[in-house]
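Hi everyone, thanks for coming. I'd like to walk you through a structure today, so please have a look at the screen.

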Amino acid sequence: MSSFLEVKDLSVRFPVESGVVHAVNGISFNLESGKSLGIVGESGSGKSVTSLAIMGLLKESSAQISGSIFLDGQELVTASERDMQKIRSTKISMIFQDSLAALNPYFRIGKQIAEVYQAHNKVSKADAKNRAIEMLDRVGIPNAAKRFSDYPHQFSGGMRQRAMIAMALVCNPKLLIADEPTTALDVTVQSQILELLKDIQKEFATSIIFITHDIGVISEFADDVLVMYAGRAVEKGSVVSVLTKPQHPYSWSLLSSIPDLNSHVTKFHSISGMPPSMLELSKGCAFEPRCDFKSHVAGGRCAMELPDLHSLAESQTQQSRCFLSNSDREELLVPRQFLDK
């Protein structure tokens with residue numbers, strides 16, 4: 001399969017009164033058609049900004065964007081707003097984290113979905129309404145024809161998220177970006193939404209970028225995973241290789257922070273310290289102040305020099321941004337065997 005989405009050396013800066021926020025710093029990744037990529041990292045790591053850049057939703061007046069984003073061979077960074085309006089919903093669409101804020105509270109849910117469809121297709125209002133009802137039914141809204149006329153506040157959180165998925169898919173986009181779509185939902189509803197996205201991906205062969213801070217969700221959903229920290233990719237590879245054999249201390253720390261219900265250990269691992277300020281990029285590895293293994297790299301190199309994102313000798317598909325030697329990684333980054341694949 002060819003790469004349907006290619007992001008090359010993407011950087012995003014936000015000039016503010018106190019300086020420049022370096023939100024995304026040289027991110028590169030590919031996504032094949034019909035595959036899913038999980039982007040994981042704590043708040044402020046640049047996940048959502050990356051997705052907004054792909055969608056073309058960052059204003060030139062407030063954001064400085066460099067690099068390239070190719071969607072099905074078309075460059076998006078230099079595309080005009082008029083071109084992006086045609087691309088959104090038809091080729092690429094997004095499910096936002098806060099469905100209540102994303103939906104207009106003053107308009108009926110069905111009408112909002114129908115208007116998206118009608119904006120990109122020369123159809124009558126009746127046809128647009130039928131399409132909206134069809135999509136509401138497809139995402140599991142009971143009595144879809146009746147619920148078409150409901151307002152967002154009349155839907156539960158899980159139902160609103162399903163409506164957002166219906167709106168995102170109404171024009172059959174080839175790429176779907178899901179930005180933490182299950183964060184505010186309980187575990188049962190979260191599982192239902194994930195299963196719905198899996199079914200939709202199989203049915204429509206949709207490429208999906210799933211953004212989350214929950215690495216457990218990634219283990220259930222994604223084919224590949226990109227781990228971000230301080231606006232940079234620190235590790236990427238297949239979900240099986242990264243989650244069963246992490247090669248960067250940050251990836252290892254995220255996995256080690258997941259409680260193991262089968263363990264008798266009562267003290268949980270946590271990542272010490274705080275994420276760095278994005279107003280100033282460090283010379284070296286941004287994770288160095290919080291890293292438990294920096295003493296294994298001689299000469300304080302981690303604090304003074306930025307590691308390259310390089311392929312590992314034993315795996316050409318898994319990459320890590322770390323100075324630890326292969327032997328140190330094998331000895332120190334002992335994986336948690338929670339992923340059953």
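I'll talk about some helices, then a couple of backbone angles, and finish with one threonine. Please keep in mind that this is a predicted model.

Let's begin with helix H5, which runs over residues 125–138. H5 has 14 residues, and from its first C-alpha to its last it reaches 20 Å, close to the 20 Å expected at 1.5 Å a residue. Which residues of H5 are buried? They are Ala128, Arg131, Ala132, Ile133, Met135 and Leu136. For those of you who like charged side chains, note that Arg131 is on that buried list. As for partners, the buried residues of H5 pack against helix H4 (109–120), helix H6 (144–147) and helix H7 (157–169). After H5 comes Gly140, with a positive phi near 90°.

Now over to H7 and its neighbour, helix H8, residues 187–204. The two axes come within 10 Å and cross at roughly 15°. With an angle under 35 degrees, H7 therefore counts as roughly parallel to H8. The crossing of H7 past H8 is right-handed. On the H7 side, the contact is made by Gly158, Gln161, Arg162, Ile165 and Leu169. H8 brings Val189, Gln192, Ile193, Leu196, Leu197 and Ile200. By character, the residues of this contact of H7 with H8 divide into seven nonpolar, three polar and one charged.

Next, the backbone angles. Most residues other than glycine have a negative phi. Where, then, do we find a positive phi in a residue other than glycine? One case is Asp9, with phi near 50°. Asp9 is in strand E1, residues 3–16, and is partly exposed at a relative accessible area of 48%. Another case is Asn143, where phi is also near 50°. Asn143 lies in the loop between H5 and H6. Is Asn143 buried or exposed? Its relative accessibility is 59%, so Asn143 counts as exposed.

Last stop: Thr212, in strand E8, residues 207–212. Thr212 has a relative accessible area of 4%, which means that this residue is buried. What is Thr212 in contact with, leaving aside its neighbours within four places in sequence? The list is Ile39, Val40, Gly41, Lys47, Glu180 and Ile218. There is also a long-range pair to look at: Thr212 and Ser48 are 164 residues apart along the chain, and their C-alpha atoms are separated by 9.1 Å.

That's my tour, and I'm happy to take questions.

Technical notes: Residues are numbered from 1 along each chain as its sequence is written. This is a predicted model: local features need pLDDT of at least 70, side-chain atom pairs count only at pLDDT 80 or more; totals for chains, interfaces and linings use all residues. Side-chain values use heavy atoms; hydrogens and water are left out. Helices (H or I, at least four residues) and strands (E, at least two) are DSSP runs, numbered from the N terminus. The expected span of a helix is 1.5 Å times one less than its number of residues. Buried means under 20% relative accessible area, exposed over 50%, partly exposed in between (1.4 Å probe, protein chains only). Contact means heavy atoms within 4.5 Å. Axes are lines fitted to C-alpha atoms, for helices over the stretch in contact, and angles run from 0 to 180 degrees between N-to-C directions. Angles under 35 degrees count as roughly parallel, over 145 as roughly antiparallel, 65 to 115 as roughly perpendicular and the rest as oblique. A crossing is left-handed if the near helix is turned anticlockwise from the far one by less than a right angle, and right-handed if clockwise. Ala, Val, Leu, Ile, Met, Phe, Trp, Tyr, Cys and Pro count as nonpolar, Asp, Glu, Lys and Arg as charged, and the others, Gly among them, as polar.
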